[in-house]
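Here are some short exercises to work through with the model on your screen. Try each task yourself before you read the solution.

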Amino acid sequence: MQALIIIDMQMEMQHRIESGLDHVNPMAGKHIAALAAAFRGTGLPVIHVRHQEAEPASAFHPDGPGFPPMACAEAKGHEAVFIKRTSSAFASTDLAAYLAAHRITDLVVAGAIAGFCVNSTVRAGADLGFRMTVARDAVIGFALPAANLSAQTIFDVTMAHLEADFARLADTSTLLGEVALSAKTEADCA
């Protein structure tokens with residue numbers, strides 16, 4: 001079974017975008033919302049991962065302004081929400097056990113941040129044997145000014161590495177078509 005996993009689309013990302021930080025995929029939130037609606041509409045799971053820090057001054061502290069989910073990443077109904085304290089969604093959660101228990105073998109990954117948590121989650125998932133797909137236009141990334149690296153450069157290199165050995169890359173429009181086709185095929189076979 002396939003599931004959508006939305007990583008770290010929390011208000012801190014919105015704050016970074018609004019502050020004018022160099023970033024990629026300004027339409028990522030809309031693409032994530034469309035993917036979530038399509039997965040929900042066909043009964044496929046939507047899984048949420050949120051980053052949390054213990055330091056009270058951190059934007060990712062549970063009481064911090066950056067911790068709540070962005071509108072595009074709010075959990076609906078009984079959707080699973082995992083709270084992580086590491087870069088990879090697998091390292092500090094029971095996500096792998098949850099996926100195994102629900103017979104989920106394929107993950108479509110969207111969210112933040114391309115060079116960090118998306119990267120480490122996709123690599124870890126692939127290492128654990130999950131088939132990984134990255135919704136390329138539904139992933140945001142930011143520049144690293146201290147390293148003199150633009151958001152686009154980091155994003156392009158990260159996506160190239162992931163596609164070379166860890167994941168399939170696809171745009172939202174392609175994935176929406178595949179989800180619709182999968183739902184139609186299942187309906188025809190019922």
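**Exercise 1.** Decide whether Cys117 is buried or exposed in this predicted model.

*Solution.* Start with the relative accessible area of Cys117, which is 11%. Next, recall that buried means under 20%. Cys117 is therefore buried.

**Exercise 2.** Work out how many disulfides the structure holds, and why Cys117 is not bonded to Cys72.

*Solution.* First, recall the cut-off: the two sulfur atoms of a disulfide lie within 2.5 Å. Then look at the cysteine sulfur closest to that of Cys117: it belongs to Cys72 and is 15 Å away, too far for a bond. The count of disulfides in the structure is 0, and Cys72 is in none. Cys72 is buried too, at 12% relative accessibility.

**Exercise 3.** Find where Gln52 sits and which residues it contacts.

*Solution.* Begin with the chain: Gln52 lies in the loop that links strand S3 (46-51) and strand S4 (81-84). Now check its cover: with 17% relative accessibility, Gln52 is buried. Finally, set aside neighbours within four places in sequence; the contacts of Gln52 then include Phe60, Pro62, Phe67, Ile83, Lys84 and Arg85.

**Exercise 4.** Describe the overall build of the protein, and test it against the rule for a compact globule.

*Solution.* Count the elements first: 6 helices and 7 strands. In sequence order they follow β-α-β-α-β-β-α-β-α-β-α-β-α. For the test, a compact globule of 190 residues would have a radius of gyration near 16 Å; the protein has 16 Å, so the two agree. To finish, note that 47% of the residues are buried.

Methods: Residues numbered from 1 in each chain as written. Predicted model: local features only at pLDDT ≥ 70, side-chain atom pairs only at ≥ 80, totals over all residues. Heavy atoms only, no water. Buried < 20%, exposed > 50% of the residue type's maximum accessible area, 1.4 Å probe, protein only. Helix = DSSP H or I, 4+ residues; strand = E, 2+ residues; numbered from the N terminus. Contact = heavy atoms within 4.5 Å. Rg over C-alpha atoms; globule rule 2.2 N^0.38 Å.
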